[in-house]
Amino acid sequence: MADDLPAWLTYKPGDQLEKPVDTNITGTIPQWVTGTLYRNGSGMFKVGETTVKHLFDGLAVLHKFTIKDGKVQYQNKLLDTETLGKCLKANRLVIGQFATAAYPDPCKSIFARFFSYFSREMTDNTAVNIVPHGDMLLAFTESSNINIVNPETLTRKGSIPLGHIVAVHIATAHPHMDFDGTMYNLATSFNQKQAYSIVKVPPKERGGDNPFTRASLVSTIPSRWKVNIGYNHSFGMSENYFVVLEQTLVANLLKLSVMNIWGAAFETCMDNYPEEKSLIHLTRRSDGETITTQYNADSFFCFHFINCYEEDRHLVIDLCAFDSGEAVRDLYLHSITQKEPKWENAKVRRYVLPLDVAKAESGKNLVTLSDTSATAVKQPDGSIFCTPDYITGDSSKAVLMELPRINYAYNTKKYRYVYGTEFLTDKAKLTKLDLKTKTCVHWQSEDQDQPGEPVFIARPEGTEEDDGVILSPVFPMKPDLKAFLLVLDGKTFKELARAETPPGVKMPITFHGSFIP
């Protein structure tokens, strides 16, 4: 990777804001919007002479937007992980990331690297999401390491080695929260019985013990392959089921076993099998049992589920999907910084799984819901082959969207609205998709600014699903423009206000985050 990174990828330790700064407000933020928006993402892409290779590999930068009385203060800081400390001390990347291997120690021979395999470190660079659980604020990535963050200072106040508590090796950065405060997440184990597992973390009681010490596995689904395990970035949850997508982009366990010896990164151990089917596994939440019916579809790739719900003995699954797992490789920095990057945003898809299929007739579409074109046809072997509904027409007319969010009060329930972004393109915009009318409205900057994940905040007295505001951090692609927090009306999708950072303040890219009232 060349050293001439574009301005939006050049954040460095000296750009941190140790104390919050006031922003310049244009427009009016509703008085009821009071709280803090926390954001997380890859922020620093160069350490010494090491430039990381992939958008997922930057060192974590946390962001904090404090909103009160129509005003906003902004702060960002590099998360002080062990990975960051070791890298800064060595002035190079010394712990491998998703697609960037650790810079080889010139003092180590290949034999030393072989023996270091048995004591290899897993990154604690939790640069993907930041989520509250009780009175804890947690930073996640796709390893089994979770960092506990001080919500006032944005510093690390502890860590949770999930893999030392339950038998898993990696987990997603997108846990689900049940309405009783229980956290669920999807984790993966790499061993002789490689599998996907649902991890349950009890509610956090204020002042009580760390609930992760009582974490447990409530369901385990074996991989279909002997030496591969599907890659997962998120999973689905409905009222009665967990939904696990077994993707055809896989991690090869044989390659992983020698990764450190040859100085390779995790991504180089991944293989794509587009000729295989994507499998959709359902597990009952009541007892952890996996449904024996095999649901499958033509191969596709998904970073983000949107929502899942049950209706008339059907399970509806909405997600953002790519045609191929090669989308992961389109996020290499050398690709996304080209004048014409390969990256294309995902398309919103809906799959509908009929739940009563034991006595169903083969060769017939079993989906009976009237508002969808999705199909599910029973095959002679008893499996159910599913095709998607693209909501707004065929695939060529599908809504392009990533980083989707909903009014989370409607998680696991039938819902109407999805908010997302089409990003890393010169047509970057925010989108509100109405699943009932199958129409969209958009917000788009005139300056090719890149809007981030849109977080929906419900109005306290609101009774309708879209009664609230959208908060989205917008970062500039050009060095002479300022970053800002965008505030949109949840109903009309019109701009209400923006909180612009002061001159000289850098706001690097963010992936995901949470609003805490």
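Reader: In what order do the five strands of the open sheet stand?
Author: In this predicted model, the pairing in the open sheet is antiparallel; two strands pair if DSSP finds at least two bridges between them. Strands here are DSSP runs of E with at least two residues, numbered from the N terminus. At the edges, pairing on one side only, are β1 (21-22) and β38. Reading across the sheet, the order is β1-β7-β6-β3-β38.

Reader: From which number are the residues counted?
Author: Good thing to settle now: in this predicted model, local features need a pLDDT (the predictor's confidence in each residue, from 0 to 100) of at least 70, side-chain atom pairs count only at pLDDT 80 or more, and totals for chains, interfaces and linings use all residues. Side-chain values use heavy atoms, with hydrogens and water left out, and along each chain, as its sequence is written, residues are numbered from 1.

Reader: Which residue in β6 is the bridge partner of Gly35?
Author: β3 (residues 35-44) and β6 (residues 59-68) run antiparallel and are joined by nine bridges. Gly35 belongs to β3, and its bridge partner in β6 is Ile67.

Reader: Why is β15 described as largely enclosed by the rest of the structure?
Author: Strand β15 covers residues 195-201. Seven bridges join β14 (residues 183-189) to β15, while six join β15 to β16 (residues 216-222); both pairings are antiparallel. β15 is largely enclosed because its buried residues (under 20% relative accessible area with a 1.4 Å probe, protein chains only) number six of the seven.

Reader: Which residue of β16 is the bridge partner of Tyr196?
Author: In β15, Val201 is the bridge partner of Met183. Turning to β16, Tyr196 has as its bridge partner Ile221.

Reader: Which residues of β10 point the other way from Asn145, Asn147 and Val149?
Author: β10 (residues 145-149) is mostly covered, with five of its five residues buried. Asn145, Asn147 and Val149 point one way. Pointing the other way, and also buried, are Ile146 and Ile148.

Reader: Which turn residue between β10 and β11 has a positive phi?
Author: β10 pairs with β11 (residues 156-161) in the antiparallel sense over five bridges, and Asn145 stands opposite Pro161. The two strands form a hairpin with six residues between them. The turn residue with a positive phi, about 65 degrees, is Leu154.

Reader: Over which residues is the pLDDT below 50?
Author: The protein chain averages a pLDDT of 93, and 96% of the residues score at least 70. One stretch, with 14 contacts (heavy atoms within 4.5 Å) beyond near neighbours in sequence, falls below 50. Where pLDDT is low, predicted coordinates should not be read in detail. That stretch is residues 106-120.

Note on methods: Helices (H or I, at least four residues) and strands (E, at least two) are DSSP runs, numbered from the N terminus. Buried means under 20% relative accessible area, exposed over 50%, partly exposed in between (1.4 Å probe, protein chains only).
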